[in-house]
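Notebook open, model loaded. I'm going through sheets, helices, odd backbone spots and the chain contact, one lookup at a time.

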Amino acid sequence: MGSMSNPFDPSKSLSSGCPCGQHGSMLEHRLAECAGEAPKAGSPAAPSSEARAEAYAPVDDRPAWENREAVVSRIVETAVVKSVFGADASRRAFLRAVGASTALAAISQVFPLDDLKARVLDAKGPLEKSALKVGFVPITCATPIIMAAPMGFYKKHGLDVDVIKTAGWAVARDKSLSGEYDAAHMLTPMPLAITVGAGSVATPWTMPAVENINGQAITLHNKHKDKLDPKQWKGFKFAVPFEYSMHNFLLRYFVAEHGIDPDKDIQIRVLPPPEMVANLRAENVDGYLSPDPFNQRAVYDGIGFIYKLTKEIWPGHPCCAFAASRKFIDENPNTFLALFKAIIDATAFSSKPENRKEIAAAISPKNYLNQPTTVVEQVLTGRFADGQGKVRNEPDRIDFDPFPWHSMGIWILTQMKRWGYVKDDINYQAIAEQVYLATDAADVMKSMGLTPPSATYKTHTIMGKEFDPKKPEEYVNSFAIKRT
Amino acid sequence: MLKSTNVRAFLLSMLMLVLFLGAWHIWVEQQKGPAVDMDPEYAKLMGITAKGGSAMPGPLDVGRSLWGHITDPFYDKGPNDKGIGIQLAYSIARVLTGFLLAAAIAIPIGFVIGMSPVFRQAFDPFVQVLKPVSPLAWMPLALYTIKDSGTSSVFVIFICSIWPMLINTAFGVASVRREWINVARTLEVSAPRMAWRVILPAAAPTILTGMRISIGIAWLVIVAAEMLVGGTGIGYFVWNEWNNLSITGVISSIIFIGVIGMLLDLILASAARLVEYAE
């Protein structure tokens, strides 16, 4: 391999040249590859499911910007290492003697590698546009997207972002599809649903990063304080914020595990989050599985109590996401990269418990969540009143982790299949990998000094039942209550 | 006599207002239950309603909120938090744009329909089918085709205000007294001149009535449309207050919406008086 191989790997040679022999250097070869790949990403969705599956077949179909960045950064490293060592043999000997990380640190001392990388990366092109509109639904899941505005994370990455409050997810989806929003806060199932064309016209969508994990709850009306066993819930009316939401899938999963059929024994309605508390007060619904702060708000207003945090159903489940269309990424690669970095930066900042109070104060005002600060603070810090007279301490009630596991995407698709939202046979892996940009997220996280997980798949355990992402179809068939 | 009628009516209005506010105040006071006994640490995390307070604001709370809006109507604290003056300006601008566009199309077409029985019958089925459609039903279609929520709200205003003007113009033009047209014909008045000098003045009061109905509907619809698409405008303002379950904010915006609606109606009513004539 040429200059694209890791220069800190003692087993690799650094002799340059492109593998196909058609280009003057490896850089030219890779850039030509990128240019060849780019049009594929923007191709419109095909109408039939077979054709669609075919269109998604190239699983390693990454947007051009990502490759270019990785290429450039690797080439800089290689050039520096080469200039330091001159002869390849001495480099290999040195690396074997001290190890790659020591070598990297040693060279960084003489040569500010990161600065150089940054300069080369900056030189690859200015931002296509700096004034962006990013939509959000006013809930604590959107914390990183929202707080990046008042706390200056967008500005830090050269962007002038207006975060626009949106009434609900249907509107967020429509405004994103129409291009009014450059990127938006969505629920993790939505980019998958938009891409396969469930509930909208099929449009290639991407989910570069997850916003939050955990952070939802089942809230019941105070009059049901004695009905703590789900088997007593027959005839209940529940609300969820959107059909294609973790809330819907988790609520269905939870009641089904207790032998309650979510379509026959209870009624599940879609309500925009802000209307949930009012409907609970009016007793139009018996309870809901909704995003915070509306669970805490029901407690704060003395209407309901928190029955179960969703982290008790699936610890570490994904919920909301940062999503953008493939078109936006392809047309604005540099802008997208800056935005992506700002979001990852903000998510990393939000994940630190010591920052949560400050964030709560920054996002509570009218311009953002428009909620009493104490409600938001109880959600973010995890020290909260549960509505049953107790103060609970759950520091991981909500947490923030940007990494979009492909296995999470597959789990969501299995539930869409299980409950009949998707009728056709689907290629779980191909869709999850096309929509959830886990590899890209890992690269960006690495370039920012964070440590992403090395795999993009893992098994998840939900209410004691294991989910193996390699066997999605078997998983769907393993449930007693399903619609397939 | 007239003066004393005015004075008496005014006094009666005031009396009704005071009675209403008094009843409201007493009702809210009664809503407040006894303070609930709870652990002080727990109580710190709870809101006023959970501790026995009422979620329903009294007239004094609403008055304070109104005063706050009136004294600082034009603040701008970011894209999602602007003063009531700015929000009202957005809504009025949308209503006027949609309304004027509708007038520019409805009045000429109404004229043609009114003057020609053939056109009237040809247009009639479309008008009859489209007229009863709730303007908000157009919203998803508008969002999908126009791809801009601001323009979509203007379109919804346009589509809801076009029908009353169209129908009233057609009716007004069709019911100009035959004698006047015959007299004009006898005097060999040209067709454009007849339309301009005879039919338009004769139909003007009916046309103005149609415009008055339209602007009333447009103002009703803009609030709902903006609540749907959000962003800016008085409808978004109401929704944002509702999002925070702030009944005080919702009541103050209701009062603002009512006052502006009344002003719009008054403007068109005085325009209608200008074109009135006695036979």
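In what order do the five strands of the open sheet with β8, β7, β9, β6 and β10 of chain A run? I read off β8-β7-β9-β6-β10, with mixed pairing. A note to self before going on: this is a predicted model.

**Entry 1: the sheet with β7(A)**

I checked the ends of the sheet. β8 and β10 (304-309) of chain A each have a single partner strand, so one side of each has no neighbour in the sheet. I also looked up the twist: ignoring direction, neighbouring strands are turned by 25° against each other on average.

Next I took the pairs around β7(A). Strand β7 (residues 237-240) of chain A runs parallel to strand β8 (residues 267-270) of chain A, and four bridges join them. For the register I noted that Val240(A) has Val270(A) as its bridge partner in β8(A), and that Ala239(A) stands opposite Arg269(A). Between β7(A) and β8(A) the chain goes through helix α11 (residues 246-257) of chain A, and I logged this β-α-β crossover as right-handed.

On to strand β9 (residues 287-291) of chain A: two bridges tie it to β7(A), again with the strands running parallel. Here Phe238(A) is matched with Gly287(A) as its bridge partner.

Which helix lies across β6, β7, β9 and β10 of chain A? I found helix α12 (residues 273-281) of chain A there, running at about 155° to β9(A).

**Entry 2: the sheet with β1(A)**

I then pulled up another open sheet of five strands in chain A, in the order β2-β1-β3-β11-β4, and its pairing is mixed as well. Its edge strands are β2 (160-165) and β4 (205-210) of chain A, each pairing on one side only. The twist from one strand to the next averages 30°.

I looked closer at strand β1 (residues 131-136) of chain A, which pairs with β2(A) in the parallel sense over six bridges. Ala131(A) sits opposite Asp160(A) in that pair. Helix α10 (residues 189-196) of chain A packs on this sheet, where it touches β3 (183-187), β4 and β11 (320-325) of chain A. The direction of α10(A) makes about 170° with that of β4(A).

**Entry 3: helix α19(A)**

Is helix α19(A) mostly covered or mostly open? Mostly covered: α19 (residues 428-435) of chain A has six of its eight residues buried. I wrote them down as Tyr428(A), Ile431(A), Ala432(A), Glu433(A), Gln434(A) and Val435(A). The cover over these buried residues includes α10, β4, α18 (406-418) and α21 (472-477) of chain A. I had α10(A) and β4(A) in my notes already, touching each other at the sheet of Entry 2.

**Entry 4: a helix pair**

I moved to helix α16 (residues 356-363) and helix α17 (residues 373-381) of chain A, which pack at an angle of about 145° with their axes 9 Å apart. The crossing is right-handed. From α16(A), the residues at the contact are Arg356(A), Lys357(A), Ile359(A), Ala360(A), Ala361(A) and Ile363(A), and from α17(A) they are Thr373(A), Val376(A), Glu377(A), Leu380(A) and Thr381(A). I sorted the contact residues by class and got six nonpolar, two polar and three charged.

**Entry 5: odd backbone spots**

My reason for looking: most residues other than glycine have a negative phi, and most peptide bonds are trans.

I got a positive phi of about 60° for Asn370(A), which is not a glycine. Asn370(A) lies in the loop between α16 and α17 of chain A. Why does Asn370(A) count as buried? Because it has 23 other C-beta atoms within 10 Å, where 20 or more is the cut-off.

Glu283(A) also has a positive phi, near 60°, and is in the loop between α12 and β9 of chain A. Glu283(A) counts as exposed because it has 11 C-beta neighbours inside 10 Å.

I also found a cis peptide bond between Asp292(A) and Pro293(A), with omega about 10°. Pro293(A) belongs to the loop between β9 and α13 (294-300) of chain A.

**Entry 6: chain B against chain A**

Last lookup: 28 residues of chain B contact 30 residues of chain A. On the chain B side, α2 (40-44), α9 (191-229) and α10 (234-243) each give two or more residues. α10(B) supplies the largest share, four residues. By class I have 13 nonpolar, 10 polar and five charged residues on that side.

Conventions. Residues are numbered from 1 along each chain as its sequence is written. Chains are lettered from A and ligands numbered from 1 in the order in which they are written. This is a predicted model: local features need pLDDT of at least 70, side-chain atom pairs count only at pLDDT 80 or more; totals for chains, interfaces and linings use all residues. Axes are lines fitted to C-alpha atoms, for helices over the stretch in contact, and angles run from 0 to 180 degrees between N-to-C directions. A crossing is left-handed if the near helix is turned anticlockwise from the far one by less than a right angle, and right-handed if clockwise. Two residues are in contact if their C-beta atoms, placed from the backbone, lie within 7 Å. Ala, Val, Leu, Ile, Met, Phe, Trp, Tyr, Cys and Pro count as nonpolar, Asp, Glu, Lys and Arg as charged, and the others, Gly among them, as polar. Two strands pair if DSSP finds at least two bridges between them. A crossover is right-handed if, with the strands pointing away from the viewer, the path from the first strand over the helix to the second runs clockwise. A residue is buried if 20 or more other C-beta atoms lie within 10 Å of its own, exposed if 12 or fewer, and partly exposed in between; C-beta atoms are placed from the backbone.
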